[in-house]
Amino acid sequence: MAQEDLFKKIVAHAKEYGFVFQSSEIYDGLSAVYDYGQNGVELKNNIKRYWWNAMTQLHENIVGIDSSIFMHPTIWKASGHVDAFNDPLIDNRDSKKRYRADVLIEDEIAKFDDKINKEVAKAAKKFGENFDEKLYRETNPRVLEHAKKRDELHERYAKAMNDMNLEELRQIILDYGIVCPISGTKNWTDVRQFNLMFSTEMGSTSEGSMKVYLRPETAQGIFVNFLNVQKTGRMRLPFGIAQIGKAFRNEIVARQFIFRMREFEQMEMQFFVRPGEELEWFKKWKAARLKWHLALGMGEENYRYHDHEKLAHYANAATDIEFLMPFGFKEVEGIHSRTDFDLSNHEKFSGKKIQYFDPELNKSYVPYVIETSIGVDRMFLSVFAHSYEEETLENGETRVVLHLPAPLAPIKAAVMPLVRKDGLPDKAREIIDSLKFDFKMQYDEKDSIGKRYRRQDAVGTPFCITVDHQTLEDNTVTIRHRDTMEQSRVSIDDLHSILNKEVSMTELLKKLL
Ligand code: ATP
């Protein structure tokens, strides 16, 4: 199936099974804003819990906060967002469509990589087992030619972005003949800067009101609370502050479903360290965060690091963790060594001393910061898209199954009476009542048992428990596994431990140690 078709199916499935709805759908929707449905919210909460517990429960020196969305507007001056949180945008005069100039150029760069990969795939097929991919990439003249062109473009683009040279960005678009995907023409406007922050008014009268922003990241809420947490928690360096919360960005080109939204959620952890030790901590967090992803079992080959060559002016190291989405490898999480940029600037703008007294060194200083920042919605999309499968069974039938990592699944087990009589429903409810304190359970008695299994497969429920007449005689049930569809007969008394082994968040967290 073409990747584009697959992605369309995934989006349709998310709606049909109560995971993600377009916001304000009955009013024809609001662009790039989404709502999570009855199953989506459970999956999302489980992702957040996995992250939150991994941060604040497994580390004695990481604590959480929940800061507000509105903050003093000067914070966004200090952070650089008022002056520099801009995207370069360009319009096509024929289609009237607006694009990010940087994204158009990055797509062009990616085309060279596609060409290289095609050459490699062709050669791999031709040479079979004897194929040495590394050698081929290093020596094949056609591959080298594409790589040279890619690097030339990349260098020119990186310089233009670093200098924020808008004319040069436009010139690159013209020189490389980049056309609008809708109109197919090169009739481009100038490139302009566009600030991504949403603003609103706070206060009741127009004279007395103040322009405030909806936060574009949760990080600043952590920085401005650094002293509060350090002092009240008597925290000693190194230590971290974690936060999960909404962020808002007026994205110019919002596309790819929940990958790029205007209202989204972030899970951020700022780790404060001694100056000079930051690169060592950066390395540690880079490894620790990948381990968190890999523990979900979604395949090592689907992740990669993308180290930044072009660093923001305040960062001295940065990398992204990318995941293979149906539309290619994309950033899910960023890990940044932000030096003392944020805390120093808040010192400057607030006039308050924001320093840490280090008892070992017997001096005060502004700590350095390693940030790990992941989008909840992007994480949701990676898990959801990766789990989706249209499986052809041995008997030729097909089923749609979500192979969600079991601890993240919205419903852990469905309990089904074989028939709606003879006391089987009561027995089923009894089982639910005994398990519902630890697991999210669902009762299902409608339709044939086969149809009920399919329904649970489609929402990723790891177990289906069926109550039949034998249950009343010997206190056993059949338990069916989502992925293998295998069924076995087990005692009701063993259900708790069987479920717990596979769906427990604790077992998942243990993999991180
Ligand atoms: P991009 O380059 O894709 O715009 P970014 O580098 O601006 O992302 P950061 O500012 O580093 O992103 O934000 C950290 C994380 O927040 C990202 O890795 C991503 O998971 C998430 N995120 C950022 N913008 C959005 C958005 N518009 N919609 C959903 N998630 C987002």
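Q: Which strand gives the most to the shell around the ligand, and with how many residues?
A: Strand 13 gives the most, with five residues. The model is predicted: local features need pLDDT of at least 70, side-chain atom pairs count only at pLDDT 80 or more, and totals for chains, interfaces and linings use all residues. Residues are numbered from 1 along each chain as its sequence is written, and side-chain values use heavy atoms, with hydrogens and water left out.

Q: What makes a residue count as near the ligand, and which residues come nearest?
A: A residue is near if one of its heavy atoms lies within 4 Å of the molecule. There are 15 residues around the ligand, and E251, R260, M261, E331 and V332 come nearest.

Q: How do you know that R260 makes a polar contact with the ligand?
A: A polar contact is a pair of N or O atoms within 3.5 Å; within protein, one atom must be able to donate a hydrogen and the other to accept it, and residues adjacent in sequence count only if both atoms are side-chain atoms. An N or O atom in the side chain of R260 is 2.7 Å from an oxygen atom of the ligand, and therefore this pair meets the cut-off. The side chain of R249 also has an N or O atom 2.9 Å from an oxygen atom of the ligand. For Q266, a polar side-chain atom lies 3.3 Å from a ligand oxygen.

Q: How much of the ligand does the protein cover, and which elements give two or more residues to the shell?
A: On its own the ligand has 600 Å² of accessible area, of which the protein covers 84%; such areas come from the Shrake-Rupley method with a 1.4 Å probe. Two or more residues each come from strand 10 (263-273), strand 13 (328-337) and strand 16 (368-375). Strands are DSSP runs of E with at least two residues and helices are runs of H or I with at least four, numbered from the N terminus.

Q: Why are strand 12 and strand 13 called paired?
A: Two strands pair if DSSP finds at least two bridges between them. Nine bridges join strand 12 (residues 317-325) to strand 13, so the condition is met. The two strands run antiparallel, and a hairpin of two residues joins them. T319 stands opposite I335 in strand 13.

Q: What makes strand 13 a partner of strand 16 as well?
A: Five bridges join these two antiparallel strands, so the pairing rule is satisfied again. I335 stands opposite T372 in strand 16.

Q: What is the order of the open sheet of seven strands, and why do strand 3 and strand 11 stand at the edges?
A: The order is 3-9-10-16-13-12-11, with mixed pairing. Strand 3 (62-64) and strand 11 (303-307) each have a single partner strand, so one side of each lacks a neighbour in the sheet. From one strand to the next the twist averages 25°; axes are lines fitted to C-alpha atoms, and angles run from 0 to 180 degrees between N-to-C directions. Strand 11 is joined to strand 12 by five bridges, and the two run antiparallel.

Q: Which strands form the open sheet of three, and which of them stand at the edges?
A: The order is 5-4-6, with antiparallel pairing. Strand 5 (98-100) and strand 6 (192-195) stand at the edges, each with one partner strand, so each has a side without a neighbour in the sheet. Four bridges join strand 4 (residues 86-91) to strand 6, and P88 has Q193 as its bridge partner there.

Q: What makes the bond between L237 and P238 and the phi of T339 notable?
A: Most residues other than glycine have a negative phi, and most peptide bonds are trans. The bond joining L237 and P238 is cis, with omega of about -5°. P238 lies in the loop between helix 10 (226-232) and strand 9. T339 is not a glycine, yet has a positive phi of about 50°. T339 lies in the loop between strand 13 and helix 12 (341-350).
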